[in-house]
Structures are given as structure tokens and as C-alpha cells.
There are 2 protein chains.
Amino acid sequence: MVPPDFVYCERFTSTKVEILGRYGNRGIEGNRENNKGNAKISPLLSVFPVYSKTMNKIVQLFGIQHPIIQAGMIWTSGWRLAAAAANSGCLGLIGAGSMHPDVLREHIQKCKKATQKPFGVNIPLLYPEIGTLMNILAEEGIKIVFTSAGNPKTWTGWLKERGIKVVHVTASVKFALKSEEAGCDAVVAEGFEAGGHNGREETTTMVLIPLVKRAVNIPVIAAGGIATGRQMLAAMVLGADGVQIGSRFAASEESSLHSNFKRKITNLNEGDTQLSLKKLVPVRLIKNKFQKQVQEAEDQGATPDELQTILGRGRAKKGMFEGDLEDGELEIGQVSAILKDIKPVKKIVEEIISEYEIVKKEIVSKTAFFPYSRF
Amino acid sequence: MVPPDFVYCERFTSTKVEILGRYGNRGIEGNRENNKGNAKISPLLSVFPVYSKTMNKIVQLFGIQHPIIQAGMIWTSGWRLAAAAANSGCLGLIGAGSMHPDVLREHIQKCKKATQKPFGVNIPLLYPEIGTLMNILAEEGIKIVFTSAGNPKTWTGWLKERGIKVVHVTASVKFALKSEEAGCDAVVAEGFEAGGHNGREETTTMVLIPLVKRAVNIPVIAAGGIATGRQMLAAMVLGADGVQIGSRFAASEESSLHSNFKRKITNLNEGDTQLSLKKLVPVRLIKNKFQKQVQEAEDQGATPDELQTILGRGRAKKGMFEGDLEDGELEIGQVSAILKDIKPVKKIVEEIISEYEIVKKEIVSKTAFFPYSRF
């Protein structure tokens, strides 16, 4: 199936690239003459999951413009953030984990008014009133649900029966396979560097994405350590079909985090977060007074019960929503060390896509300009 | 400086890509006529750190073929591995950390006989007889030294005075900056997923490489989570100038690890390693009987002294060199979960480079075939 001799020609201008010819073996004019019905594409050249409206599986699955999911984060992803992400060409997600059922319904209704584009809801399956939430999703006509923190078999069938697309968030090959078996449409593979709750295996994005991609046939969305176009392209090179971005959207104008916490996120350095509470449910936290209490207790061999006592109730709300930077639980990803400003979602998405395209073009151009570098 | 209208044409065959024409605006024949002295290159198109003999900083720095460093690992990287890596176009490193001074000298002398290509030595700066080792390096005419586990200021000046190129292994921006200040020629930025001793900040490759690349002007070598061409390209996309590969070379025919341990490496799954002994010096270990003892002690709040007692002496030799898979200390990276076979170094390097080039070509080809995905 590989044409024995295959040519393509491109014209670069300062604003666009045009394909001048693709087939044949005598250059552009030759191509036009020789290219009658000879539309075979080399299998070797058609494997890479390219970001493209016609090709990309995530873009196709959700009917969106960019293969970017705005993560549905607790105390962060309300209707304003989800609608802004949707209006910027991404999949917006409302984070139901921190919402009472009536609050979730309100956010869904407001989001519908704020965007005509597709959006979804993230639901942690360990949510106490999970049945109530699921019924609200169905009643409100939600078409996309991301589930996390639980067994994907419990609700996927119920949701699929109602015509809802289901994606499960996993941190391991084992749960990615379970998600595929359960009938999920795609899977999020989330690395150790991600914020919030995290897998016990501690596998990083660099290692997890190739492993999950080899294991499952459904599309794979990479999460953890992705805030820039360069990191997005790296995730795609690793095999991802799309990316889920959390921290970068947490530090947006439209996120519902307290402004104290947003400012804190943009003033972090590398090493300022730590995966904590491993004996309960591991969660990546900023190293503040509360996290240090937890760390000291863990270093001294605290039991799960003792850790639960230190954690108490409402810690995440206190820190993330009410802005108590010392006694609150502050969940954020390692990649926060890269973030230095709070921006509107539209600008964030534009910058990511722009950098993604520039780095991709750099690769194309370099390989074209320096032929001896290729083989 | 950007030519207003710029064309390039490539011919793909199943084995190679030829550049047919680059300049002008009327295709290949037109190029040849129009291209007299018009050799300007767009600045936008010349930023990406491409793997190339003429362009790549790591290839230039060491005079090697591929921007790949074979990590100098304890009980693993003897003269056979270093010579095989050098003969395959990479920078081979002897791992001095597990060698008595006379053993190091013997390995250097044997390596010189086994290859005409450049090779170097990795020295942990906490080595007790460090001065003796350094004198051996100078006496034996070693031209490249990688230092790790210590302050880069201590020995870099001494080595540089003797015309030796120095690279320091770091796991944080802070130490990367110290390395640059100390006069190092390059820096290895090693992520949390890497095997062996590891940084306390636990920053992963996905996040660490962009941070270090922004912070320093010297070339950056990415390490941690890199065993395939796809992972190598992802590291280069993140901003690395080259990569250091450990686990993949540990599971080579030429590494000096015990065959029991090599087989173990190729039978691991994701989640089978754990960063351990954090109260001493953090090290990534396979979860075996010994590691579980350590883990239990840590969970119960063991002090550094108690952990040191469990560790005892000679644990790494016992596991890695003598093949005791239960009571030995088995250091390996997370990426081992991807490795399923023991191969000769030459084949490993060929496969990495081949996959790297294919994935790069996939990007080029996809972007050429689907122009609407580009802008």
C-alpha cells in the first residue's frame, strides 16, 4: 500500500501553508498529471493522532473545536468556567463534586443559557447522593458525563442507556481496562503530577499515557502536567488523543476559586505541592500550615483515623472557596509552578493552541530544512 | 527576513526522504531557477531543538551521533555497556558509584580498548573516596564527567581546569541553576519517575523539563520516563536538547546486572515500583520483600536511624548484582513497566531512533495532509 515513490510540496507564506501537490514522482506539475485516482496514503504516514477537526477522535466524540477538556474540579468549575471553556472551543465540565444537588441543577441551567456549545458534568462516584445527581443529569438533558473516584461499572450502563457519553477518569492501566469493559466512550489517564485526588500507583503522565494507549482501544485523554501548548503536544506525541487541563483553568478569571487561592497558584514554585493523605485518599496539596500538620502526622506513622481527625470536614471549601490559605486544603497540580498569571479562559485557550501549532510547525520546518537530521 | 512565498518539496520512499527543492514559488523546477543566493530562513521556523548532527547541542557538545546519554548506573553500567552505547552512537557512561577506585580504573581502560568513540564516567559526589576517583579520571584522560548526588560547585572547577566537560544531574530548578553557576556544560533534569536516587520535590519530567529549560541557558538533558522513541520525542518537544536513558539500557544484554534482576525488570507492571526511604535519600525501588519492610516501617513512622538499620549495608549489590530478588535493593525507573525484553544495546538504540524518526515524520505528514489542522 506504500507508494514506491511519493512526493508532497508545500508553499509557506507568513500566514498560511498551502499543499501544492501530493502524489507522483516528478514534483508539482508531475503530480497534477499523475494523480488521477491514485489516492493511496502510506499506512506509515497515517498513524499519528493529529489535532484536526476531521481526524481527531476527541474532537469528533464531543463535537468540539480543540481536543482540550477543561477539568471538572471541585470549588473551581462552576457554570462560568464551563461555559467559557465551551465558548472557547474546548469541552467545558461542571465539577459536581462540591455541589449540593440543587446547586448542580442551577449551574447546569445557567451554563445552558451561557453557551450553545457542548458541555458536560464531572461526578465523583463516591458522592453520597449519587443517585439524585444522576437523575438531575438525565432530567436536564446532559449529554456528556465524566465519572471519577469509583468503579466505572456502577453507572456507565445507566448513563449509556440514556444516550449520555461517558468518560471515566483513571490513574492506572487496570482501571482504564475496566472503563473500556464498562462501555466508556473514552478514558482520562491522569498522571501523578495532577492536582486533586490521585492514583496510588503514582505513575507519571510520561509513563502512563504510552501504557494506557497500548492497553485500550477507546480514545485516551492525557491529564497531569499539561498547561501549555508544548506540554499538550508532548502528550499527543506520547499517544494521547486529547488532553484534560486543570490547574491552568483553575487560575482563570472565570474559575470560582477564591481570589486568594488564585493568586497563591500563580506564586508557586516547583516543589511547593505534595501528594498527601496517602492512607486516606491520596490528594496533591499545596504545602501550607494544614498540609504540614498532615505531613508531620504521616511522618510519625499516623493511622487513617488520626489523619481523618486532622482533616476534619470542609477543609477544601475553607481553602479553595473561602480563601483560608493556612488552614484550608489547597488542591492543585505540579504544573502550577509554570503559571504566573490569571487570565480569561479565551486567552488561555488561544495561547495553548498557538504554542501547540508553533511547536508543531517548528518540527515540520526543521525536518524540512535539515534533511541530514532525519535519517 | 521571511521570504514572502516559500516552497519546499520532499520525496518519500519507504526508506528515506529526499529534499527536492526549497525556495522560490513555482514548484521544483521553478525553485532551481529562482534559488540563486536566496538562502534566508524564517526565524519562526528555526527555534525547535531538532535532533541533528549540525544543530543539536548535545550531539555537538560530546561529538556523538544521537542526543542520547546512556545513564551511568550503579551495578549496571560497566565498560561493556558504556562501550556498546558509545559504539551505537550514544554517549556511554561508566557508573562509578558502585566501583572501588581500582575497579573504576580497570573499567576505563577496558572501555578505551572496546571503543574509539567518546565515553564518560558518572560519579556520585558523596562517594567516600571521591578525591581518589577524580585523580583516576584525570590520569586516564577521561574527557566527560557526569556528577550527581552532591553540590556541583565542589568539583566542577577542578574538572574544567583539566579540560573535562562536566554535566551535573539535578531534579530541581534550584540545582540546575547552581550547576550553571558552577560552570557545568549541561545539566540533566531528572523527573520523579526515574529509577535510583531521586529528588525530594518529586517533580515529574513533564513539569520539570519546561521549568529547567526556562531557567538555564546551558543545554538540558531530560531523564525519567524515557525508554522509547515516542518518549524521547515528547521530551524534546518539552524543550530538552537530549535525553538520558537508564532503565532501557539496564535491561540490555551488555549491562552488568544479574540476569535474575534483568528478567525481573522485563516482567514488571505499572505500579510495581515506589519511591522509598524518603527520610534517608529517596530511591525508586521495586516492591519486593525488602521494599515492603521499608514501607511498613515508614508507615509506622520509623526514624532515619531505624530505616538505616533495615537498609543495612550492601543491599543494592545483593539485589542488583547478586540477583537476590527478595532481600536485595532493586533500583529501576517507572518506565520499566514498558520493557518486555532484554536486547543488545545496538538494537535498543536502532529501535529508539527509528520510532523517534517515524513519529516525527507522522507529525510532518499529518500536518501536510490535513492543512486545516495547522492554523
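In the predicted model, helix 7 of chain A (residues 173–181) is laid across strand 7 (165–170) and strand 8 of chain A, with its axis at about 165° to that of strand 7 of chain A. A comparable description applies to helix 8 of chain A. This helix, residues 205–215, lies across strand 8 and strand 10 of chain A and runs at about 155° to strand 8 of chain A.

The strands beneath these helices belong to an open sheet of chain A, in which eight strands are arranged in the order 3-11-10-8-7-6-5-4 with parallel pairing. Its edges are formed by strand 3 (68–70) and strand 4 (92–95) of chain A, each of which pairs on one side only. From one strand to the next, the twist averages 25°. Within this sheet, strand 8 of chain A (residues 186–190) and strand 10 of chain A (residues 220–223) are joined in the parallel sense by four bridges. Across this pairing, Glu190(A) is found opposite Ala223(A) of strand 10 of chain A.

Towards the other end of the strand order, strand 4 and strand 5 of chain A likewise pair in the parallel sense, over four bridges. Gly95(A) has Asn122(A), in strand 5 of chain A, as its bridge partner. Strand 5 of chain A, residues 119–124, is mostly covered, and six of its six residues are buried. In a regular strand, side chains alternate between the two faces of the sheet. In strand 5 of chain A, Phe119(A), Val121(A) and Ile123(A) point one way, whereas Gly120(A), Asn122(A) and Pro124(A) point the other way; all of them are buried. Asn122(A) therefore combines two roles in the description, as a buried residue of strand 5 of chain A and as the bridge partner of Gly95(A).Chain A is divided into domain 1, which comprises 57–256 + 344–359, and domain 2, which comprises 259–334. The centres of domain 1 and domain 2 of chain A, taken over C-alpha atoms, are separated by 23 Å. Contact between them involves 21 residues of domain 1 of chain A and 18 residues of domain 2 of chain A. Together, the two domains of chain A bury about 1,700 Å² between them, with 58% of this area on carbon and sulfur atoms. On the side of domain 1 of chain A, the residues that lose the most area to domain 2 of chain A are Trp75(A), His197(A) and Arg200(A), which together account for 32% of what that side buries.

Trp75(A) also has a notable backbone conformation. Its phi is near 60°, a positive value in a residue other than glycine. Trp75(A) is located in the loop between strand 3 and helix 3 (79–87) of chain A. With a relative accessibility of 18%, Trp75(A) counts as buried, because the threshold for that class is under 20% relative accessible area.

In chain B, an open sheet of three strands has the order 9-13-12, and its pairing is antiparallel. Strand 9 (196–197) and strand 12 (273–276) of chain B are the edge strands, each pairing on one side only. Strand 12 of chain B is joined by four bridges to strand 13 of chain B (residues 283–286), and the two run antiparallel. In this pairing, Leu275(B) stands opposite Arg284(B) of strand 13 of chain B. The loop between strand 12 and strand 13 of chain B contains Leu277(B). The phi of Leu277(B) is near 55°, a positive value in a residue other than glycine, and at 2% relative accessibility Leu277(B) counts as buried. Helix 12 of chain B (residues 289–299) lies across strand 12 and strand 13 of chain B, at about 50° to strand 12 of chain B.

Helix 9 of chain B, residues 229–238, is mostly covered, with 10 of its 10 residues buried. Among the buried residues of helix 9 of chain B are Arg230(B), Gln231(B), Met232(B), Leu233(B) and Met236(B). Just after helix 9 of chain B, Gly239(B) adopts a positive phi of about 125°.

Over all chains, the structure holds zero disulfides. Cys90(B) is in no disulfide, and the nearest cysteine sulfur, that of Cys111(B), is 13 Å away. Cys90(B) is buried, with a relative accessible area of 1%. In chain A, Cys184(A) likewise counts as buried, at 4% relative accessibility.

How values were computed: Residues are numbered from 1 along each chain as its sequence is written. Chains are lettered from A and ligands numbered from 1 in the order in which they are written. This is a predicted model: local features need pLDDT of at least 70, side-chain atom pairs count only at pLDDT 80 or more; totals for chains, interfaces and linings use all residues. Side-chain values use heavy atoms; hydrogens and water are left out. A disulfide is a pair of cysteine sulfur atoms within 2.5 Å. Buried means under 20% relative accessible area, exposed over 50%, partly exposed in between (1.4 Å probe, protein chains only). Two strands pair if DSSP finds at least two bridges between them. Axes are lines fitted to C-alpha atoms, for helices over the stretch in contact, and angles run from 0 to 180 degrees between N-to-C directions. Contact means heavy atoms within 4.5 Å. Domain bounds come from an automatic or database domain assignment. Buried area is the accessible area (1.4 Å probe) that two parts lose on being put together, summed over both.
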